[in-house]
Each structure stands twice: as structure tokens, then as C-alpha cells.
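Please open the model in your viewer and keep the sequence beside it, so that each selection can be followed in both.

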Amino acid sequence: MGSTGTVLRELRGAQKSAKGVSLYSRYVNRPAGRVLAAGAYRAGLTPNQVTLVSALFTYAALAAVALVEPSWTLALLVYAALAIGFAFDSADGQLARLTGRGGPDGEWLDHVVDCGKLVLVHTAVLISFYRFGELPSDAWLLLPLGFQLAAVVNFCAGLLREHLGKAAAAGAPAGSTTAPVSRVRAVGLLPADYGVFCLVFLLLGAPGAFRAGYAVLAVVHTLFLAAFLTKWFRELRALRPG
């Protein structure tokens, strides 16, 4: 087992492409995940165990959102746990590529945890609104449901786009090239990044500000969903056999 520095260098070499990745994931979450993956490697953890550690941090934080009255202390603890959970979510894939121990079971487990996270995060906000929110109107209870719908549809549609496009990519000519990584696109994707979304929980200590920030993000994510669905539909239609 090599030194931590050696492991980090190997992890950097096994990093996935930055194409389609926001600046937060590229410069914050992936590097943090790389450090966690190196630590997990030194500790002898498997990629699936790292996935479960990610779920533990994330689900515990969201349970606290639903069950504990909002405060600034809760805001800091929840954000920290969500950010750590997200970094471990990056670490599991990096560890799998480093060790060659990834497989369909690990990919399946990772997607199950991610899907559960997307459902639970907005369910937790809904419960918090209902229990502690002192809402101006009961209509606010519909906001987390709409945000949840947009998040889950985006997640499922993106996975389907990826898997349905794999066959066509496998049959592409050997000389075909992919578009270069765009920094402008990486900046544009920031509002749709889960790590950026988690920042709104730092406002839990000010319920009105949290509601406003959460509502703005819901609108932004819905607009991104419309753009992504249009893009993915056109891409898949272009893959139809001649």
C-alpha cells in the first residue's frame, strides 16, 4: 500500500472527464472526494462501504432537518454533513477506479443512494415547513413537492440519456472526437449543482431567508430541467437508425 501522496497522484490520474461538470464539483467536491478516497484506501474500505458512509452523513443530516427546530447551529451541522456526504459520494467512484473493484453492484448502490437522497431532501424540507415554518400560506407546502418532482425527473432522465446513448457511442467511428471542456458551461451549471444547492441549508437559522432561497433554487432547477429535457430528447432522436 503506497503513501497517501502516491495514492492521491494515482487518483488524479484516474479522474473522470470534467466535461459537463460544474466548477463546484470540479474544484471543490472532486478534490475533497480524492482526499477521502485516499483515506478510505489506506483504511482498507471498499467503494460500496464508502457509498454507505456517504449515505450515513447525508441521511442523518436530512433527518435532522425534518425533526429538529431550525437554528443557526442546526444550519451549520446540516450543511457540514451534506457537504461531507457529497464528497464521499465522489470518493466512492474514485476509489473504485483506483482499485479496479467497481462493478454493476456498486453503480447500482450509488444510484439507489442518490435517488433516495433526492427524494428525502425535499421531503425533509416539506416536513420542516409543516412543523416549524409558520408559513405565510399553506401553498408553500406545494413548493417542496414541485422541487422534488423536478429533481427526480432530472435524475432519472439523465441516467436514461446516459445509458441509451452508450450503444451509439460504442459504435462511433474510432476517429470521432468529443467537444472540449467548456469553462463557460461549467460556470453556467453551478446553479444546478447539488453541492451549490446544499448551501441554502446555511440559511436554516432564518426561516424566511431559507424559504426565499429554496424557492429561487426551485425555479432555477425547473428551468434547467426544461433545458436538459429538450437537449436530451434531441440528442436521442438524432441517434435513431437512418
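Begin with the whole protein chain in a cartoon view: in this predicted model, the order of elements along the sequence reads α-α-α-α-α-α-α-α-α, which is to say nine helices and zero strands. If you then switch to a surface view, the protein chain exposes about 12,900 Å², of which carbon and sulfur atoms supply 67%, while buried residues make up 39% of its 242 residues. With contacts displayed, and counting those with a separation of 6 or more, you will find that 83% join residues 24 or more positions apart.

Next, select helix H5, residues 104–132, and look along its length. Its 29 residues should span 42 Å at 1.5 Å a residue, and because the C-alpha atoms at its ends are 41 Å apart, the expected and modelled values agree. Just after H5, pause at Glu134, which takes a positive phi of about 45°.

Staying with H5, show the side chains of Asp114 and Lys117, which meet in a salt bridge with an N to O distance of 3.5 Å; the two lie three residues apart in the helix and are therefore separated by about one helical turn. Now add Asp89, whose side chain also meets that of Lys117 in a salt bridge, at 3.7 Å from N to O. This second pair links distant parts of the chain, since Asp89 belongs to helix H4 (residues 72–99) and Lys117 to helix H5, 28 residues apart. Together, Asp89, Asp114 and Lys117 are linked in a network of salt bridges.

Are the members of this network buried or exposed? Lys117 is buried, with a relative accessible area of 7%, Asp114 counts as buried at 10%, and Asp89 is likewise buried at 14%.

Move on to helix H9, residues 207–238, and select Lys231 and Glu235, which form a salt bridge whose closest N and O atoms are 2.6 Å apart. These residues are four positions apart in H9, so about one helical turn separates them. Here Glu235 is partly exposed, with a relative accessible area of 26%, and Lys231 counts as partly exposed at 35%. Across the model, the count of salt bridges comes to four.

Finally, remain on H9 and select Leu229, which is found in this helix and is partly exposed, with a relative accessible area of 34%. Adding Leu149 and Val153 to the selection brings up a nonpolar surface patch of about 240 Å², which these two residues make with Leu229.

Definitions and conventions:
Residues numbered from 1 in each chain as written. Predicted model: local features only at pLDDT ≥ 70, side-chain atom pairs only at ≥ 80, totals over all residues. Heavy atoms only, no water. Patch = residues over 30% accessible without salt bridge, like charges linked within 9 Å, V, L, I, M, F, W, Y side chains within 5 Å. Areas by Shrake-Rupley, 256 points an atom, 1.4 Å probe, with all protein chains shown as cover. Buried < 20%, exposed > 50% of the residue type's maximum accessible area, 1.4 Å probe, protein only. Expected span 1.5 Å × (residues − 1). Contact = heavy atoms within 4.5 Å.
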